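This briefing summarises the structure shown below for use in computational work. The points are grouped by topic, beginning with one helix and its surroundings.

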Amino acid sequence: MRRMVAGTVLLTLAGAVVLTVLILLLIPAILKLLATPEDIMSPALAYVRIILYGIIFVSVYNMCANVLRAVGDSRTPLYFLIVASIVNIILDFYFSLNLKSGVAGAAWATVIAQGLSGFLCLIYMLRKFPILKLHLKDWEFDYAFYKEHLRVALPMAFQFSVTAVGVLVLQRALNGFGPVAIAGYTAACRIDSI
């Protein structure tokens with residue numbers, strides 16, 4: 001089990017770094033492809049770049065939550081996610097109203113909340129399940145072992161990407177209606193996710 005967790009850690013961190021760098025390089029072209037209105041291009045770029053810095057935190061949370069679910073604890077990751085959502089809402093108001101930081105503040109609020117959920121999940125996992133504390137031998141590279149990880153993970157990733165592509169198509173259509181429609185849709189999505 002520790003070898004599996006170590007493999008998951010390595011694949012998760014490698015994936016987070018590759019995605020962050022790749023998308024940071026491509027994000028201006030992606031936003032243009034999505035027909036993002038020029039008058040909101042700058043704040044959109046700022047928001048997405050800040051959110052991308054937080055991919056590592058989302059990855060850590062998801063990895064730890066999945067490991068906790070695998071050992072039979074599905075409630076605790078949910079509790080940490082609830083705490084992070086409340087912190088995100090509080091920080092959104094604080095950054096927007098007190099610091100007047102606008103879109104960038106909302107992005108930083110999200111990244112901080114994601115970091116908190118990942119940190120809490122990781123600390124809890126290591127304290128509650130000492131068997132998950134990794135040893136040096138758990139980190140040994142085994143090509144077949146990682147190949148099996150990817151054999152299971154890549155089809156699931158592809159399945160999620162189909163949904164993500166659908167969201168991008170919807171976003172491109174929505175962007176044609178201008179900034180007010182985009183803001184309304186974003187607010188509705190935030191309420192829906194809560």
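Helix α4 spans residues 75-98, and its 24 residues cover 34 Å from the first C-alpha to the last, close to the 34 Å expected at 1.5 Å a residue. The model is predicted. The chain as a whole holds seven helices and zero strands, and its order along the sequence is α-α-α-α-α-α-α.

**Overall architecture**

- Along the principal axes, the C-alpha atoms of the chain fill a box of roughly 55 × 35 × 25 Å.
- The chain has 194 residues, of which 30% are buried.
- Among contacts in the chain with a separation of 6 or more, 75% are between residues 24 or more positions apart.

**Helix α4 and its buried face**

- The buried residues in α4 are Thr-76, Pro-77, Phe-80, Ala-84, Asn-88, Leu-91, Asp-92 and Phe-95.
- These buried residues pack against three helices, namely α3 (55-70), α5 (102-128) and α7 (179-193).
- Two of the buried residues of α4, Phe-80 and Ala-84, recur in the surroundings of Ser-117, which is in contact with Tyr-61, Phe-80 and Ala-84 once its neighbours within four places in sequence are left aside.
- Ser-117 itself is placed in helix α5.
- With a relative accessible area of 4%, Ser-117 falls under the 20% limit and is therefore buried.

**Packing of α4 with α5**

- The axes of α4 and α5 are 8 Å apart, and the two helices pack at an angle of about 155°.
- Because this angle is over 145 degrees, α4 and α5 count as roughly antiparallel to each other.
- By class, the contact of α4 with α5 comprises 16 nonpolar, seven polar and one charged residues.
- The crossing of these two helices, α4 and α5, is right-handed.

**The loop between α4 and α5**

- Leu-99 lies in the loop that joins α4 and α5, and Lys-100 is located in that loop as well.
- Leu-99 has a relative accessible area of 45% and is partly exposed, because this value lies between the 20% and 50% limits.
- Lys-100 has a relative accessibility of 65%, which is over 50%, and therefore counts as exposed.
- Lys-100 follows α4 and has a positive phi, near 50°; this positive value occurs in a residue other than glycine.
- From C-alpha to C-alpha, Leu-99 and Cys-189 are 24 Å apart in space, while 90 residues separate them in sequence.

**Helix α2**

- Helix α2 has 13 residues and extends over 18 Å from its first C-alpha to its last, close to the 18 Å expected at 1.5 Å a residue.
- Met-41, Ala-44, Leu-45, Ile-50 and Leu-52 are the buried residues of α2.
- The buried residues of α2 pack against α1, α3 and α5.

**Packing of α2 with α5**

- Helix α2 (residues 41-53) and α5 have axes that come within 9 Å and cross at roughly 15°.
- Because an angle under 35 degrees counts as roughly parallel, α2 is roughly parallel to α5.
- Helix α2 passes α5 in a right-handed crossing.
- On the α2 side, the residues that meet α5 are Pro-43, Tyr-47, Ile-50, Ile-51 and Tyr-53.
- On the α5 side, the residues met by α2 are Val-103, Ala-104, Ala-106, Ala-107, Trp-108, Thr-110 and Val-111.
- The contact of α2 with α5 has, by class, 11 nonpolar, one polar and no charged residues.
- Ile-50 is one of the buried residues of α2 and also one of those that meet α5.

**The loop between α1 and α2**

- Ala-35 is found in the loop between α1 (2-33) and α2.
- Although Ala-35 is not a glycine, its phi is positive, at about 60°.
- Ala-35 counts as partly exposed, because its relative accessibility of 29% lies between the limits of 20% and 50%.

Technical notes:
Residues numbered from 1 in each chain as written. Predicted model: local features only at pLDDT ≥ 70, side-chain atom pairs only at ≥ 80, totals over all residues. Heavy atoms only, no water. Helix = DSSP H or I, 4+ residues; strand = E, 2+ residues; numbered from the N terminus. Expected span 1.5 Å × (residues − 1). Buried < 20%, exposed > 50% of the residue type's maximum accessible area, 1.4 Å probe, protein only. Contact = heavy atoms within 4.5 Å. Axes fitted to C-alpha atoms, helices over the stretch in contact; angles between N-to-C directions. Parallel < 35°, antiparallel > 145°, perpendicular 65-115°, else oblique. Left-handed = near helix turned anticlockwise from the far one by under 90°. Nonpolar A, V, L, I, M, F, W, Y, C, P; charged D, E, K, R; others polar.
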